[in-house]
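The following exercises concern the reading of a protein model from its coordinates. Please attempt each task before consulting the solution.

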Amino acid sequence: MKEKKGFELRNVAGQQVVVAQSVENINFGKVIAMNSASAYLWESLAGKEFDAQTMADLLTQKYEVGNEKALADSQKLIEAWAKAGIIE
């Protein structure tokens, strides 16, 4: 997987959100808010191919979390990002 071109992480009023940079990606009915862990992953994976294990590895390196929990959380995040249309 990889982030879909045309989206970038921005700080909007103190909240990390992924926003569309181009007209074809704009959907004003959908804002993708990120917590600190998901924002960290988004920034760390920018421009790179990744999978759930890649994400889990990043999480276990930065946070005090076991691989099993990190992997489960990563899989859920991939599903959410795919549903939001920000990865391909």
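Four exercises with worked solutions follow; the model is predicted.

**Exercise 1. Overall architecture**

Determine how many helices and strands the protein has, and the pattern they follow along the sequence.

*Solution.*
1. The protein has 3 helices and 3 strands.
2. Read along the sequence, these elements give the pattern β-β-β-α-α-α.
3. Among the 88 residues of the protein, 35% count as buried.
4. The accessible surface is about 5,600 Å², and carbon and sulfur atoms hold 50% of that area.
5. Of the contacts with a separation of 6 or more, 45% are between residues 24 or more positions apart.

**Exercise 2. The nonpolar core**

Identify the residues that touch the most other members of the largest nonpolar core, and the elements that each supply at least two of its residues.

*Solution.*
1. The largest nonpolar core has 23 residues, and those touching the most other members are Val 18, Met 34, Leu 41, Trp 42, Met 55, Trp 81 and Ile 86.
2. At least two core residues come from each of strand 1 (7–12), strand 3 (32–34), helix 1 (36–45), helix 2 (52–62) and helix 3 (67–84).
3. Leaving aside residues up to four places away in sequence, Trp 42 touches Glu 3, Phe 7, Glu 8, Leu 9, Val 18, Met 34, Trp 81, Ile 86 and Ile 87.
4. In soluble globular proteins, nonpolar side chains tend to be buried together.

**Exercise 3. Packing of two helices**

Classify the relative orientation of helix 2 and helix 3, and give the handedness of their crossing.

*Solution.*
1. The axes of the two helices come within 8 Å and cross at roughly 125 degrees.
2. An angle between 115 and 145 degrees falls in none of the parallel, antiparallel or perpendicular classes; helix 2 and helix 3 are therefore oblique to each other.
3. Helix 2 passes helix 3 in a right-handed crossing.
4. On the side of helix 2, the residues in contact include Met 55 and Leu 59; on the side of helix 3, they include Leu 71, Ile 78 and Trp 81.

**Exercise 4. Two individual residues**

State whether Ala 13 is buried or exposed, and which residues Val 19 touches beyond four places away in sequence.

*Solution.*
1. Ala 13 lies in the loop between strand 1 and strand 2 (15–20).
2. The relative accessibility of Ala 13 is 83%; since the cut-off for exposed is over 50%, Ala 13 counts as exposed.
3. Although not a glycine, Ala 13 has a positive phi of about 55 degrees. Most residues other than glycine have a negative phi.
4. Val 19 belongs to strand 2 and, at 23% relative accessibility, counts as partly exposed.
5. Val 19 touches Gly 6, Phe 7, Glu 8 and Arg 10. The C-alpha atoms of Val 19 and Glu 8 are 5.6 Å apart, with the two residues 11 apart in sequence.

Definitions and conventions
Residues are numbered from 1 along each chain as its sequence is written. This is a predicted model: local features need pLDDT of at least 70, side-chain atom pairs count only at pLDDT 80 or more; totals for chains, interfaces and linings use all residues. Side-chain values use heavy atoms; hydrogens and water are left out. A nonpolar core is a set of buried Ala, Val, Leu, Ile, Met, Phe, Trp, Tyr and Cys residues joined through side-chain atoms within 4.5 Å. Buried means under 20% relative accessible area, exposed over 50%, partly exposed in between (1.4 Å probe, protein chains only). Helices (H or I, at least four residues) and strands (E, at least two) are DSSP runs, numbered from the N terminus. Contact means heavy atoms within 4.5 Å. Accessible areas come from the Shrake-Rupley method with a 1.4 Å probe; for residues, only the protein chains shown count as cover. Axes are lines fitted to C-alpha atoms, for helices over the stretch in contact, and angles run from 0 to 180 degrees between N-to-C directions. Angles under 35 degrees count as roughly parallel, over 145 as roughly antiparallel, 65 to 115 as roughly perpendicular and the rest as oblique. A crossing is left-handed if the near helix is turned anticlockwise from the far one by less than a right angle, and right-handed if clockwise.
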